[in-house]
Amino acid sequence: MGFDLSGKRVAVLGAGKMGGILLKALLEKGLLSPKSTFATVQHEERARALSEKLGVMVGTDNLAAVRNADIIFVCVKPQVVQEVMEQIRPNISSKQLVISVAASVPTSQIEKALGIEVAVIRAMPNTPCVLGCGMTALCKGKFVNAQQVETACALFDIVGKTVVVDEKHMDAVTGLSASGPAYIYIILESLAEAGVKVGLPRDVATLLAAQTTLGAATVVLETGDHVDRGRILHQHERVHACHDQRQAGRPALTDVVAVYLVFGPRFAPRVVVLLRFGRQLEFLGHELPRLPAAQLVLPRARQIERRGGP
Ligand SMILES: NC(=O)c1ccc[n+]([C@@H]2O[C@H](COP(=O)([O-])OP(=O)(O)OC[C@H]3O[C@@H](n4cnc5c(N)ncnc54)[C@H](OP(=O)(O)O)[C@@H]3O)[C@@H](O)[C@H]2O)c1
């Protein structure tokens with residue numbers, strides 16, 4: 001990789017779940033040097049444990065951590081950002097790059113809290129970053145130059161893919177790619193449950209569901225082929241396949257998925273979650289999820305929501 005941070009001092013404020021994922025990945029890839037990396041957490045005992053685990057300096061003093069740092073990651077919870085920015089303000093200079101992953105905290109709030117013209121990038125990664133297959137969208141504040149955007153992209157490329165968007169899209173990104181994994185797990189588990197219902201061993205059903213989800217996503221990523229195209233091409237055959245299966249007295253898998261999602265007491269709450277996901281996508285200007293199961297489930301889920309129960 002043609003990107004080198006050696007010699008740069010990096011501070012990670014709030015090395016919890018997301019801060020910890022980023023810190024660990026950047027250290028493992030050799031992008032950060034342990035002796036120039038500083039992290040903070042709230043609790044002393046966690047600081048000691050993390051320091052031992054990662055081999056970097058971890059403390060609870062944010063102001064000390066950012067002194068002479070070239071890059072500062074802000075990974076504390078959104079409600080703590082203002083307080084932490086006010087703490088570090090005395091040690092902030094216009095040469096530093098601040099990268100915040102805090103959901104829904106605008107770059108302007110951080111710029112204002114820091115009180116000088118400093119480069120602030122707002123990023124929204126997701127949890128699959130832990131295995132290097134995350135998705136991060138980032139946007140720049142008022143005082144960011146092209147090289148700083150490139151630096152931020154290179155940092156997040158270590159843990160997955162990165163895209164630059166306008167700040168006005170960041171809440172939509174949070175709804176889609178940052179919250180998205182939770183919805184995909186529900187859909188994936190529901191597909192696997194449907195497989196179990198029609199007789200597959202659970203481990204096989206889970207493998208089929210997971211690899212199928214991965215495969216479909218890979219096709220879209222690799223070929224750029226829109227999901228719709230495949231849907232239109234196969235819709236006809238699928239309808240016939242379902243019809244043939246019903247004729248033969250066997251339930252079609254999509255039917256089983258729908259029935260499980262809608263009627264199974266264990267799955268009823270998931271219908272509501274699916275419905276919310278659909279709403280989020282509507283909010284984003286897209287149609288409802290195009291998964292066959294979701295298509296079958298959503299109208300019924302709306303009914304359930306209207307009635308206040310199944
Ligand atoms: N998790 C995600 O999927 C995700 C995705 C995208 C963005 N984010 C953003 O990432 C940020 C952190 O979320 P998270 O899920 O990683 O939360 P988390 O696991 O609770 O991590 C927060 C960390 O902040 C530390 N902390 C609290 N107050 C502090 C202070 N005053 N100074 C320094 N450190 C302090 C905590 O210390 P202790 O460990 O000692 O309690 C903890 O390590 C949030 O702003 C969130 O919006 C999260």
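This tour moves through the structure one selection at a time. The model shown is predicted.

**The sheet**

Begin by selecting the strands. Eight of them form an open sheet with mixed pairing, in the order 3-2-1-4-5-6-7-8. Strand 3 (57–59) and strand 8 (160–164) are the edge strands, each pairing on one side only. On average, neighbouring strands of this sheet are turned by 20° against each other, direction ignored.

**Strands 1 and 2**

Select residues 10–13, which are strand 1, together with strand 2; the two run parallel and are joined by four bridges. Val10 has Thr37 as its bridge partner in strand 2. Now keep strand 2 alone in view. Which residues of strand 2 are buried on its two faces? Thr37 and Ala39 are buried on one side, and Phe38 and Thr40 are buried on the other, so that both faces are covered.

Next, add residues 44–54, which form helix 2. Helix 2 lies across strand 2 (37–40) and strand 3, and runs at about 170° to strand 3.

**Strands 4 and 5**

Select residues 71–74 and 97–100. These are strand 4 and strand 5, paired in the parallel sense over four bridges. Within this pair, Phe73 stands opposite Ile99 of strand 5.

**Asn68**

From strand 4, step back to the loop that separates it from helix 3 (62–66), where Asn68 is located. Is Asn68 buried or exposed? Asn68 is exposed, because 12 other C-beta atoms lie within 10 Å, and a residue with 12 or fewer counts as exposed. Select Asn91 as well: it is 23 residues from Asn68 along the chain, yet their C-alpha atoms are separated by 7.6 Å.

**The ligand**

Now centre the view on the ligand. Its shell holds 27 residues, and the closest are Gly14, Gly16, Lys17, Ala102 and Ala103. Helix 1 (17–28) and helix 4 (78–88) each contribute at least two residues to this shell. Coloured by class, the shell shows 15 nonpolar, nine polar and three charged residues.

**Helix 7**

Finish at residues 170–178, which make up helix 7; its buried residues are Met170, Val173, Leu176, Ser177 and Ala178. Looking down the axis of helix 7, one finds these buried residues within an arc of 150°, and they therefore line one face of the helix. In an α-helix there are 3.6 residues a turn, so residues three or four places apart point the same way. Show the surroundings last: the buried residues of helix 7 pack against strand 6 (119–124), strand 7 (134–140) and helix 8 (180–197).

Methods
Residues are numbered from 1 along each chain as its sequence is written. This is a predicted model: local features need pLDDT of at least 70, side-chain atom pairs count only at pLDDT 80 or more; totals for chains, interfaces and linings use all residues. A residue is near a molecule or strand if its C-beta atom, placed from the backbone, lies within 6 Å of it. Ala, Val, Leu, Ile, Met, Phe, Trp, Tyr, Cys and Pro count as nonpolar, Asp, Glu, Lys and Arg as charged, and the others, Gly among them, as polar. A residue is buried if 20 or more other C-beta atoms lie within 10 Å of its own, exposed if 12 or fewer, and partly exposed in between; C-beta atoms are placed from the backbone. The arc is that of the directions from the helix axis to the C-beta atoms. Two residues are in contact if their C-beta atoms, placed from the backbone, lie within 7 Å. Two strands pair if DSSP finds at least two bridges between them. Axes are lines fitted to C-alpha atoms, for helices over the stretch in contact, and angles run from 0 to 180 degrees between N-to-C directions.
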